[in-house]
Amino acid sequence: MYTSRISGLGSYVPENVVTNDDLAKLMDTNDEWIQERTGIKERRHIKKGDGNTTSTMGVKAATIAIERAGLQTSDIEMIIFATLSPDMYFPGGGVQIQDLMGMDTVPALDVRNQCSGFVYALSVADQFVRTGMYKHVLVIGSENHSGGLDFTTRGRNVSVIFGDGAGAAVVSRNETGKGGILSTHLHSEGKHKDELALQGPSTGYWVPEILEKNPQEDIPYYPYMNGQFVFKHAVVRFAEVIMEGLNANGLSPSDIGMLIPHQANLRISQFIQKKLRLSDDQVYNNIQRYGNTTAASIPIALTEAWEKGKIKEGDLVVLAAFGSGFTWGSAMIRW
Ligand code: UT7
């Protein structure tokens, strides 16, 4: 049995910055409400004509990660791609990335676990490397939210939160003899599937059915979120799954070098920080600048923390996510 490690990280966000004041021109909201409730000051949105799509942003992040791993694209043996906003309904975004990167016939697997997508994808990559089947697996999270949000007052509780971007990691066989991915811990609770969901177009809501709907009715082709319900579950599950990972490795919160929580809401991160008694230096947040980028939020934050020198060799890095499904998970990594 082998172990795996993250050998390279990369991220990409569109250049177009959208401030809270910009959103206030489109809907009844304001900078004070958004900052107070979420911590978000601005986010990035793809701009028509800038060439960005979910898969092209994924490619940009992946290219950086592969280069930093000291590898060539041809060294990658599998792609695992997490997104809730693929360029097409089918096929999944993984094959589009494979095509754009000219990756011959390597397998491409799509992960549909929303905000937990990156942690789930990382866990799958870890299993493939542990068994010895592959030496280098590319894991990507990328989202184009801005194309599918309701930017009228009706959608304000969702549309002010989400942003676009991509992050990637190369998961490689750990040949350093030290550290690496110690363990991953995954959960789901489908009974809450309707609390944060986009229902159509799907086989539940085919396009003709949606077209027949009166625009004044609840429209199932914009995301719905029961914010307070999601919030209450998030704070419990985040803490639980972090403790599960620490306990599995005989560790405690004081051992954490850097916690990278999925960037759902700054208040959620602060709540977990307080609950686990972590210092400001032990938690990395960047939701203020990017909003919630779902499957991309952890790899973007992890890449940034690493680029800023906040993660050092030997540090215990903890990733934790919670979101639609509900799904949640954590990863314990000795850097
Ligand atoms: O990443 C996946 C997981 N997602 C999460 O973890 C998100 C969890 N939930 C949240 O982050 C928060 O629940 C939100 C940020 C979505 C909402 O914050 P909240 O403090 O729970 O507010 P609320 O939904 O209870 O709404 C409070 C008020 C309402 O008005 P009334 O009924 O009190 O008059 C809303 O209509 O704020 C209103 N409101 C807004 N006002 C200005 C909702 N959205 C906005 C807005 N601007 N954008």
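Biologist: Helices (H or I, at least four residues) and strands (E, at least two) are DSSP runs, numbered from the N terminus; which one gives the largest share of the shell around the ligand?

Modeller: Helix α8, with four residues. This is a predicted model, where local features need pLDDT of at least 70 and side-chain atom pairs 80 or more, while totals for chains, interfaces and linings use all residues. Numbering starts from 1 along each chain as its sequence is written, and side-chain values use heavy atoms, leaving out hydrogens and water.

Biologist: Which residues come nearest to the ligand?

Modeller: Thr-29, Arg-37, Gln-228, Asn-265 and Asn-292, out of 24 around the ligand (a heavy atom within 4 Å).

Biologist: How far is the ligand oxygen from a polar side-chain atom of Arg-37?

Modeller: 2.9 Å. For Trp-33, a side-chain N or O atom is 3.1 Å from an oxygen atom of the ligand, and Arg-156 also has a side-chain N or O atom 3.1 Å from a ligand oxygen.

Biologist: Why does the ligand lie between domain 1 and domain 2?

Modeller: Because domain 1 (4–173) and domain 2 (180–334) both give residues to the shell. The bounds come from an automatic or database assignment.

Biologist: Changing topic, how many residues of β12 are buried?

Modeller: Eight of eight, across 316–323 (under 20% relative accessible area, 1.4 Å probe, protein chains only). Leu-316, Val-318, Ala-320 and Phe-322 point one way, Val-317, Leu-319, Ala-321 and Gly-323 the other.

Biologist: And which strands pair with β12?

Modeller: β11 (258–261) pairs in the parallel sense over four bridges, with Met-258 opposite Val-317. β13 (327–334) pairs in the antiparallel sense over eight, and Gly-329 there is the bridge partner of Ala-321. Pairing takes at least two DSSP bridges.

Biologist: What about the hairpin of β12 and β13?

Modeller: Three residues sit between the strands, and Gly-325 takes a positive phi near 145°.

Notes. Buried < 20%, exposed > 50% of the residue type's maximum accessible area, 1.4 Å probe, protein only. Polar contact = N/O pair within 3.5 Å; in protein donor to acceptor, adjacent residues only side chain to side chain.
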